[in-house]
Amino acid sequence: LGGWVDDALSMVMNVFLILPQLPLLIVISAYVGLRGDQPVATALLMAAVITITGWAWGGRVMRAQTLSLRSRDFVDAAKVNGEGTTHIVFRDMMPNMLALIVNTVILSTMGAIVTESTLDVLGVGSMSQVTWGTILFNAISQSTLFTHEWWCFVFPGMAIVATVMSMILMNNGVDALANPRLRRIKPPKR
């Protein structure tokens, strides 16, 4: 829509972009005390904090794509036809942004997994839950590397790497489906 709403949301995005996510998460989780007995409440609080501190990158990309689409001819044609803002957003602009939305969700999920694992490895997350990060934290605190118990840190680390890699490959697949320039052209049969 532009105007003062766009300016206000842009300012809020800029504020969240300059906040350092990991130190802020460490301070919030230490202040709130995520080591409680309630694993569901702890997981929801962790998800809320990661969401609040990590939404600005995706929002910035979506805003840039929306501003680009807003100046296209098909949007002007819809305005000339008398279509409302809701119709233009959901019928004309949203299908063109679907691949970007899916990519943003995939990359945000990947970032949340890495952030949560990092907090658990640092010992700031919830130690009452068994996660890949808490397994790595226990392996580090018990010095399993020095006692040659390599399986204590290799398998959780490989699980994190495999999950992140699969999300990167899903992101590349969505890009290849949505962008015709990235599709491979099959050679003609003789």
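**Exercise 1. Against which helix do the buried residues of α1 pack?**

Solution. The structure is a predicted model, in which local features need pLDDT of at least 70 and side-chain atom pairs count only at pLDDT 80 or more, while totals for chains, interfaces and linings use all residues. Residues are numbered from 1 along each chain as its sequence is written, and side-chain values use heavy atoms, with hydrogens and water left out.

Step one is to place the helix: α1 covers residues 3-18, where helices (H or I, at least four residues) are DSSP runs numbered from the N terminus. Its 16 residues reach 23 Å from the first C-alpha to the last, close to the 22 Å expected at 1.5 Å a residue, the expected span being 1.5 Å times one less than the number of residues.

Step two is to sort its residues by accessibility, for which buried means under 20% relative accessible area, exposed over 50%, and partly exposed in between (1.4 Å probe, protein chains only). Asp 6, Ser 10, Met 13 and Leu 17 of α1 are buried. Seen down the axis of α1, these buried residues fall within an arc of 65 degrees, so they line one face of the helix; the arc is that of the directions from the helix axis to the C-beta atoms. An α-helix has 3.6 residues a turn, so residues three or four places apart point the same way. On the other side of α1, Trp 4, Asp 7 and Met 11 are exposed.

Step three gives the result: the buried residues of α1 pack against α4 (56-70).

**Exercise 2. Describe how α6 meets α5 and how α6 meets α8.**

Solution. Two packed helices are described by the angle between their axes and the distance between the axes. Here the axes are lines fitted to C-alpha atoms over the stretch in contact, and angles run from 0 to 180 degrees between N-to-C directions.

Begin with α5 (residues 73-80) and α6 (residues 85-122), whose axes come within 11 Å and cross at roughly 170 degrees. The two helices are therefore roughly antiparallel to each other, given that angles under 35 degrees count as roughly parallel, over 145 as roughly antiparallel, 65 to 115 as roughly perpendicular and the rest as oblique. Contact, meaning heavy atoms within 4.5 Å, is made by Phe 74, Val 75, Ala 78 and Lys 79 of α5 and by Ile 88, Asp 92, Met 93 and Asn 96 of α6. These residues divide into 5 nonpolar, 1 polar and 2 charged, where Ala, Val, Leu, Ile, Met, Phe, Trp, Tyr, Cys and Pro count as nonpolar, Asp, Glu, Lys and Arg as charged, and the others, Gly among them, as polar.

Continue with α6 and α8, whose axes come within 9 Å and cross at roughly 170 degrees, which makes α6 roughly antiparallel to α8. Among the residues that make this contact are Val 102, Ile 106 and Met 110 of α6 and Ile 160, Val 164 and Met 167 of α8. By class, the contact has 14 nonpolar, 5 polar and 1 charged residues.

**Exercise 3. Is Met 110 buried or exposed, and which residues does Met 110 contact beyond its sequence neighbours?**

Solution. Met 110 lies in helix α6, and at 16% relative accessibility Met 110 counts as buried. Leaving aside neighbours within four places in sequence, Met 110 is in contact with Val 164, Met 167 and Ile 168. The buried residues of α8 include Val 164 and Met 167, and what covers the buried residues of α8 includes α6 and α7. As a check on the helix, the 28 residues of α8 should span 40 Å at 1.5 Å a residue, and its end C-alpha atoms are 40 Å apart, which agrees.

**Exercise 4. Compare Thr 134 of α7 with two residues in the loop between α7 and α8.**

Solution. Thr 134 is found in helix α7 (residues 132-141), where it is buried, with a relative accessible area of 4%. Beyond its neighbours within four places in sequence, Thr 134 is in contact with Asp 120, Ser 126, Met 127 and Gln 129.

In the loop between α7 and α8 (151-178), Ser 143 is partly exposed at 31%, and its phi is near 55 degrees, a positive value in a residue other than glycine. His 148, placed in the loop between α7 and α8, counts as exposed at 67% relative accessibility, and has a positive phi of about 60 degrees although it is not a glycine.
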